Amino acid sequence: MAIDKDFIKNFEDQILVLESIEKAVQEGIRDAKQKVDRIKQGESMDDVFGVPPKK
C-alpha cells in the first residue's frame, strides 16, 4: 500500500481522536483524584458523589 495524501489524512484524523480520548481520560483521572482527596478530608460519600453508597 502506497502512502498517499488520503492515508496521511486518515492517520492525522486518528491522532486527533486519540488526543481527544487522552484529554477525556486525563480529566477523569483528575476528577477521581479530587473526589478521593475530598473523602480523605472527611466529606461524606453522599456529598462527594451525590448519591448514597449501595448497601
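**Aromatic pairs.** I searched the predicted model for aromatic pairs and found one. The partners are phenylalanine 7 and phenylalanine 11, whose rings are stacked, with 6.1 Å from centre to centre and 10° between the planes. I noted the angle because planes under 30 degrees apart count as stacked. As for sequence spacing, phenylalanine 7 and phenylalanine 11 are four residues apart in helix α1, which means a separation of about one helical turn. I then looked up the accessibility of both: phenylalanine 7 has a relative accessible area of 31% and is partly exposed, and phenylalanine 11, at 47%, is also partly exposed.

**Nonpolar patch.** Which residues form a nonpolar patch on the surface? I recorded Ile3, Phe7, Ile8, Phe11 and Ile15, with about 470 Å² of accessible area together. The two phenylalanines of the stacked pair thus recur in this patch. Another member, isoleucine 8, belongs to helix α1. Its relative accessible area is 41%, so I entered isoleucine 8 as partly exposed; a patch residue needs over 30%.

**Helix α1.** I took the limits of helix α1 as residues 5-40. The helix has 36 residues, and its first and last C-alpha atoms are 52 Å apart, close to the 52 Å expected at 1.5 Å a residue. Just after α1 I checked the backbone and found that glycine 42 has a positive phi of about 105°.

**Salt bridges.** How many salt bridges does a search of the whole structure find? I obtained three.

I began with aspartate 13 and lysine 9, whose side chains form a salt bridge at 2.7 Å, N to O. Both residues lie in helix α1, four residues apart, about one turn of the helix. Aspartate 13 is partly exposed at 33% relative accessible area, and lysine 9 is partly exposed at 47%.

I next examined aspartate 31 and arginine 30, whose side chains meet in a salt bridge at 3.1 Å, N to O. The relative accessibility of aspartate 31 is 34%, so I list this residue as partly exposed. For arginine 30 the value is 43%, again partly exposed.

I finished with glutamate 43 and arginine 38, which form a salt bridge in which the closest N and O atoms are 3.0 Å apart. Are these two partners buried, partly exposed or exposed? I found glutamate 43 to be partly exposed, at 31% relative accessible area. Arginine 38 has 29% and is likewise partly exposed, because buried would require under 20%.

Key:
Residues are numbered from 1 along each chain as its sequence is written. This is a predicted model: local features need pLDDT of at least 70, side-chain atom pairs count only at pLDDT 80 or more; totals for chains, interfaces and linings use all residues. Side-chain values use heavy atoms; hydrogens and water are left out. Patches are made of residues with over 30% relative accessible area and no salt bridge: like charges are joined within 9 Å, nonpolar side chains (Val, Leu, Ile, Met, Phe, Trp, Tyr) within 5 Å. Accessible areas come from the Shrake-Rupley method with a 1.4 Å probe; for residues, only the protein chains shown count as cover. A salt bridge is a side-chain nitrogen of Lys or Arg within 4 Å of a carboxyl oxygen of Asp or Glu. Helices (H or I, at least four residues) and strands (E, at least two) are DSSP runs, numbered from the N terminus. Buried means under 20% relative accessible area, exposed over 50%, partly exposed in between (1.4 Å probe, protein chains only). Rings of Phe, Tyr and Trp (its six-membered ring) pair if their centres lie within 6.5 Å; planes under 30 degrees apart count as stacked, over 60 as edge-to-face and the rest as tilted. The expected span of a helix is 1.5 Å times one less than its number of residues.
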